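Biologist: I am new to this model and would like to understand how its ligand is held. Could you take me through the surroundings step by step?

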Amino acid sequence: MANFKNRDIISIKDFSKSELLYMLDLANKIENRDCTDLLKGKTLANLFFEPSTRTRMSFESAMKQVGGNVIGFNETESTSFAKGESLCDAVKIIEGYCDVIVVRHFWEGSARLAAESATVPVINAGDGANQHPTQTFLDLYTIKKTKATLDGLSIGFLGDLKYGRTVHSLAHAFSYFNTKMYFISPPNLKMPRDYLNSLKEKNIFVYEDDNLEDISKEIDVIYCTRIQKERFADPVEYEKVKGFCKLTKTLLERLGVKKDLKVLHPLPRVDEMDSSLDDTSYGVYFQQARNGIPVRKALLASVLGSIS
Ligand code: CP
């Protein structure tokens, strides 16, 4: 049986296939039972150095729904980071006030650094363009629920694949599931070579293109992502690729996609996917965001050793 007690959740690469499946199963059990007092008396510290709606609020809601408390911040101006305190020092202090730390930070590797300083479990809520492992757990949960399987799917990753931490985490997770992966992006936002090489070493089918049309009939899932303006050092480079893709109901119908295609998006969206998809059988992104609750309850309860 998988043992998550006291473990940090930093990168999806730290977990085996059986551990991923174990967590999805646990989330499903939690979703279907009363867990009101599961984490009674426990405290979560939410340390958010970057903007967030879904991740921060779903962690907070999940913790409160299972009887726990939440402290933290979502901007640093009112904290001692504004006076120059280091992340490592802050973590050593904050762990004295809580049982588990969730951190989102703009530096790649920041969550690992925080975990090395902490004695309580640390959960990575997104570290720069690197990883977003808890998003991956809820993405897998959503795909398993809506496609009835994780095995043997063809997945089209669309948009900003260079800086897209959700894509990096999810592509690694799907390397366990005999997946065909289609990476569709502007040429300057391609999937990082180290991720592609790692997939190829595992004999995963990998295809790169800048046009969804070429592969639209093949895929079972589109994982659409926003072009992340905030990650570009040069605004001119962003201007070149903004509006790269606009998914609409009409476009999917014209492309002749599979009837049971599902479209996921970690959100927020800007203009890459319009609201005409919201009420179709394709669009499952709102359900995906809601799945953050059972999945994050399961993750919190597991690392705190309150469930197995
Ligand atoms: N999916 C996601 O990470 O959304 P937020 O940035 O709103 O947390």
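Modeller: The ligand is surrounded by S52, T53, R54, T55, R104, H132, Q135, P266 and L267, where a residue is near a molecule if one of its heavy atoms lies within 4 Å of it. This is a predicted model, in which local features need pLDDT of at least 70 and side-chain atom pairs count only at pLDDT 80 or more, while totals for chains, interfaces and linings use all residues. Residues are numbered from 1 along each chain as its sequence is written, and side-chain values use heavy atoms, with hydrogens and water left out.

Biologist: Which residue has a polar side-chain atom 3.0 Å from a nitrogen atom of the ligand?

Modeller: Polar contacts here are pairs of N or O atoms within 3.5 Å. A backbone N or O atom of R54 lies 3.0 Å from a ligand oxygen, and a side-chain N or O atom of H132 is 2.9 Å from an oxygen atom of the ligand. The nitrogen atom of the ligand has its 3.0 Å partner in the side chain of Q135.

Biologist: Why does the ligand lie between two domains?

Modeller: The bounds come from an automatic or database domain assignment. The ligand lies between the two because both give residues to the shell around it, namely domain 1 (12-131 + 291-303) and domain 2 (133-289).

Biologist: Which peptide bond is cis?

Modeller: Most peptide bonds are trans. P268 is in the loop between β9 (262-264) and α10 (285-290), with strands (E, at least two residues) and helices (H or I, at least four) taken as DSSP runs numbered from the N terminus. The cis bond, with omega near 5°, runs from L267 to P268.

Notes: A polar contact is a pair of N or O atoms within 3.5 Å; within protein, one must be able to donate a hydrogen and the other to accept it, and residues adjacent in sequence count only if both atoms are side-chain atoms.
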